[in-house]
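Work through the exercises below with the sequence and the model side by side. Each task is followed by a solution in steps.

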Amino acid sequence: MRKLLIILFIFCSCLTHAQMLDPVKFHTALTTSADGTGVITFTAYIEKGWHVYSTNLGGDGPVSATLRVNSLNGVKLIGRLTPSAGEVTRYDYAFRRNVRYFEHQAVFRQKVKFTKPKYSINVSLEYGACSDHNCLPPDEVPFVKTGTSSKAASIKEKDDKAADGNKLAALPEADTATAKATAPAIQPATIKTDNTASVNGPLWKPVTKDMPSNDGSDDIASQSLAYIFLMGLLGGLLAVAMPCVWPVIPMTVSFFIRRGENRRQGIRSALAYGASIVVIYMLLGIAVTLLLGPSGLNDIATSALFNVLLFVLLIMFALSLFGCFELQLPARWANAADSRAGNAGGLLSVFLMALTLVLVSFSCTAPIIGLLLAGTAVSGNYLAPAAGMLGFAVALALPFMLFAMFPSWLKSMPKSGSWMNIIKVTLGFIELAFSLKFLSVADMAYGWHLLSRTTFLCLWIAIFLFLAFYLSGIIHFRSDGDSRPHPVVSVMLGMLSAAFAIYMLPGLWGAPVPAVSAFAPPAADTDFSLSKTTAKARFTSYEEGMAAARAEGKPVLLDFTGYGCVNCRKMEGAVWTDRRVADMLNNDFVLISLYCDDKTPLPQPITVTESGRQRTLRTTGDKWSYLERHKFSSNALPYYVAVTADGKPLSPSRGYDEDVAAYTAFLDKALKKFREQ
């Protein structure tokens, strides 16, 4: 069952960047009143994790919900498009402003007045939708309606002519500019078919079937599970070195050896003891998975409240490791488990002894388990908590089993001492640093503006400098007990910690600092930046850019983006500012940025057939959005795909992911394939 789930997760991951997203469903309606007025209602049903932006966000923000007028006859608009209550207001670091949007459901209403007995309405709602990983190009929801209004029959003819909705003057003054920018110069009835040749040429040929797939080395799901297991393994090894666990190992192993009638039986009991530890911690990981479920894991990854709780919890764990107080479970729990272990027999007694160890060592292992479960929960991977706990339990149980199999090793086992407290305090510094990551998520969600990228890096630099001072013996904690010089290994680790703090210093002035990009706020939130390194698109026209690539003999990187795409700005600020990425995009590729929300009208509207129905492309953004859907079967923004000058794909496509190393590998793979060809 576990293998089946992994295969399904891998399969879904491989399709992430080559699928048509449809997270918003609309229902439209027209309600009329006896006074000759009516209301056009657009109701959006939004999938969990997505949001639809509200109205009037300004030209330098995300895509606002806007009413586009195609034709009106016998009807005039009254006032503006009005959103329903329930907006979420959040500060957006990419646009450096507050944005308003809806989650789960949104309702937009436009009031109208009937001016003739017979009326016809042809309007559409343009909207923008985003998640934490993707944005969609601006899309339209059409509303076409004809009918009669008895109330309008008594209206005078001269009022009918003045109220004719085909004229832009009938629009509210505030909406006139929008209508001029969005209304097509030529109605679809006069479209010339000659222009469709520009979207039917060889460069527009669909290549979905030719898109390379990710091999096993690039698979996201398998890498993340392996990484989480290894992190759990490392956490378990740290737990073994804690004062609550290390001294217990020789006593427990000696007990099993003496308890058995022979050495083989003692080893068997020790192996059962280790297996029991694995089972107990695996049950904890499975419980987290079952309690939250796949959707729950994804929800809490972006839940501001949950991230605040994790921040507070990790601060408490850090203070506990520093020796400010000790975390303990009720003593009666451990006493009860120990008492039953003494009365029970066989495997049950071994299991209860393992449970006793888990309860007694809680004060030392809880901070590690808390950090591990926090990291796996926000990963969004359904199997992550179980994988993390498996790694932790295996590492914790391994010493008990090995020492039982080779008792002579107990003589060379390092004695308990101050080195265990050094490990404990070091882990406290690490927990303190990671707590800021969770606070940063909540800070961006609520728009508190407490942790800019600069502030975050300042705190991390301070934390790792103090860790360096501690490991070098310059500062001491009360729990150290004495002020003897720290071991040589500790001093060397202190030097590494100081070097890491120095490495982060350029980030205060806008340097990318790739090693912390996954933890720190986006680069766009730097208070001041001296870095001018960034990738710049040479072309914003598909045909012109491809012609240049043919002339220069270079591969092409197509960047499907949008002026109102939040995640596009994050990628440009966090990834394209990396020196190697910028050099490759500026020198080795022809970079073409295609803005799918560009409102520039086409010289002539283009009629295309898509999904069995005709669609009219009126703006440049419509054209580039259609190119992405038609050629690559995708409608997510940002969307990056490397192609040859004749439009053939060179590597798997890529979406929103601020992993600079992975993006560099994506470009390297495309360049290698191009040079081979």
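**Exercise 1. Two helices**

Find the angle at which helix α13 and helix α14 pack, and describe their contact.

Solution. Step 1: locate the elements. Helix α13 covers residues 453–471 and helix α14 covers residues 488–504; helices (H or I, at least four residues) and strands (E, at least two) are DSSP runs, numbered from the N terminus.

Step 2: read the geometry. The two helices pack at an angle of about 160 degrees, and their axes are 7 Å apart. Axes here are lines fitted to C-alpha atoms, for helices over the stretch in contact, and angles run from 0 to 180 degrees between N-to-C directions.

Step 3: classify the angle. Helix α13 is therefore roughly antiparallel to α14, given that angles under 35 degrees count as roughly parallel, over 145 as roughly antiparallel, 65 to 115 as roughly perpendicular and the rest as oblique.

Step 4: list the contact (heavy atoms within 4.5 Å). From α13 come L457, W460, I461, F464, L465, L467, A468 and L471. From α14 come S490, V491, L493, G494, S497, A498, F500, A501 and M504.

Step 5: sort by class. The contact has 14 nonpolar, three polar and no charged residues. Ala, Val, Leu, Ile, Met, Phe, Trp, Tyr, Cys and Pro count as nonpolar, Asp, Glu, Lys and Arg as charged, and the others, Gly among them, as polar.

A note on the basis: this is a predicted model, in which local features need pLDDT of at least 70 and side-chain atom pairs count only at pLDDT 80 or more, while totals for chains, interfaces and linings use all residues. Residues are numbered from 1 along each chain as its sequence is written, and side-chain values use heavy atoms, with hydrogens and water left out.

**Exercise 2. Two open sheets**

State the strand order of the open sheet of four strands, then that of the open sheet formed by three strands.

Solution. Step 1: the sheet of four strands has the order β1-β2-β8-β5, with antiparallel pairing. Two strands pair if DSSP finds at least two bridges between them.

Step 2: its edge strands are β1 (24–32) and β5 (75–83), each pairing on one side only. From one strand to the next, the twist averages 20 degrees.

Step 3: inside this order, β2 (residues 37–46) and β8 (residues 105–114) pair over nine bridges in the antiparallel sense. A44 has A106 in β8 as its bridge partner.

Step 4: the sheet of three strands has the order β4-β9-β11, also with antiparallel pairing. Its edge strands are β4 (66–73) and β11 (139–148). Seven bridges join β4 to β9 (residues 118–127), and L72 stands opposite I121 in β9.

**Exercise 3. Burial**

Is strand β16 mostly covered or uncovered, and which residues lie on each side?

Solution. Step 1: β16 (residues 639–643) is mostly covered, as five of its five residues are buried. Buried means under 20% relative accessible area, exposed over 50%, partly exposed in between (1.4 Å probe, protein chains only).

Step 2: Y639, V641 and V643 lie on one side, and Y640 and A642 on the other. In a regular strand the side chains alternate between the two faces of the sheet.

Step 3: strand β12 (residues 556–561) pairs with β16 in the antiparallel sense over five bridges. The partner of L558 in β16 is V641.
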